[in-house]
Amino acid sequence: QVQLIESGGGLVQAGGSLRLSCASSGLTFSAYAMGWFRQAPGKEREFVAAISRSGTNTYYGDSVKARFSCSRDNAKNTVYLQMNSLKPEDTAVYYCAVRRTGGNYYSPADYFYWGQGTQVTVSS
């Protein structure tokens, strides 16, 4: 059984930072690219970041470029999202997910395992 468990969310003031973690189990973690998505109330699920199997390549949504950084530690079966210079519009539930091999990094339809999400709230 594949499980993805996000942690590290919480309440932070604008301009602050948070580091999200996603711990995985039940799969060969290093064999899969991973992604981060977020969803705010009343909005569609939005691509945030993704990282290739080895961690060599990363991809970011336009709204978070230069502020967020995705990394992974395959020895720990964990992917991270470092979020800096947070803005109120970053408020959302953040999800990690496992990409289908060869899928589109930017499309939630190409990810087939999802965590339950962790809430990030940025106050102004």
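In the next few minutes I will go through the side-chain contacts in this structure, from its nonpolar cores to its disulfide, its salt bridges and its aromatic rings. Please keep in mind throughout that this is a predicted model.

Let me begin with the interior. The largest nonpolar core is made up of 27 residues, and the ones with the most contacts inside that core are W36, L81, M83 and Y94. If you look at where these core residues come from, at least two are supplied by each of the strands β3 (18–25), β4 (34–39), β5 (46–51), β7 (68–73), β8 (78–83), β9 (92–99) and β11 (118–123). Strand β9 gives the largest share of this core, with 4 residues. Apart from this there is a second, separate core of 7 residues, and among its members are A50, A97, Y105 and Y111.

From the cores I move to the cysteines. The structure holds 1 disulfide, and the partners are C22 and C96, whose sulfur atoms lie 1.9 Å apart. The torsion about their S-S bond is about 50°, so this disulfide is right-handed. Because C22 belongs to strand β3 and C96 to strand β9, the bond ties together parts of the chain that are 74 residues apart in sequence. Both ends are out of reach of the probe, since C22 is buried with a relative accessible area of 0%, and C96, also at 0% relative accessibility, counts as buried.

There is another cysteine to consider, so why does C70 not bond to C22? The sulfur of C22 is the closest cysteine sulfur to that of C70, yet the two are 9.7 Å apart, which is too far for a bond. C70 counts as buried as well, with a relative accessibility of 5%.

Next come the charged side chains. In general, side chains of opposite charge can pair when their charged atoms come close. This structure holds 4 salt bridges, and I would like to follow a set of them that share residues. R38 is a good place to start, being buried with a relative accessible area of 5%. The side chain of R38 meets that of E46 in a salt bridge, at 2.9 Å from N to O, and E46, with a relative accessible area of 27%, is partly exposed.

R38 also forms a salt bridge with D90, where the closest N and O atoms are again 2.9 Å apart. Since D90 sits in the loop between β8 and β9 while R38 sits in strand β4, this pair ties together parts that are 52 residues apart in sequence. Here both partners, D90 and R38, are buried.

D90 in turn forms a salt bridge with R67, with 2.8 Å between the closest N and O atoms. This pair links distant parts of the chain, because R67 lies in the loop between β6 (58–60) and β7 and D90 in the loop between β8 and β9, 23 residues apart. R67 and D90 are both buried. Taken together, R38, E46, R67 and D90 are linked in a network of salt bridges.

My last topic is the aromatic rings. A pair of aromatic rings is described by the distance of the centres and the angle of the planes. The count for this structure comes to 10 aromatic pairs, and I will show two of them that share W114. In one, F37 and W114 form a tilted pair, 5.2 Å from centre to centre and with 50° between the planes. F37 lies in strand β4 and W114 in strand β10 (residues 111–114), so the pair ties together parts that are 77 residues apart in sequence. F37 is buried, at a relative accessible area of 0%, whereas W114 is partly exposed, at 27%.

In the other, the rings of Y95 and W114 have centres 6.5 Å apart and planes at 75°, so this pair is edge-to-face. Y95 is in strand β9 and W114 in strand β10, which places the partners 19 residues apart. Y95 is buried, with a relative accessible area of 15%.

These rings belong to one aromatic cluster, formed by F37, F47, Y59, Y95, Y105, Y106, Y111 and W114. Charged groups also meet this cluster's rings: the charged end of R45 sits over the ring of Y95, 4.1 Å from its centre, and R99 lies over the face of Y105, at 4.2 Å from the ring centre.

Key:
Residues numbered from 1 in each chain as written. Predicted model: local features only at pLDDT ≥ 70, side-chain atom pairs only at ≥ 80, totals over all residues. Heavy atoms only, no water. Core = buried A, V, L, I, M, F, W, Y, C linked by side-chain atoms within 4.5 Å. Buried < 20%, exposed > 50% of the residue type's maximum accessible area, 1.4 Å probe, protein only. Disulfide = S-S within 2.5 Å. Phe/Tyr/Trp six-rings, centres within 6.5 Å; stacked < 30°, edge-to-face > 60°. Lys NZ or Arg CZ within 6 Å of the ring centre and 35° of its normal.
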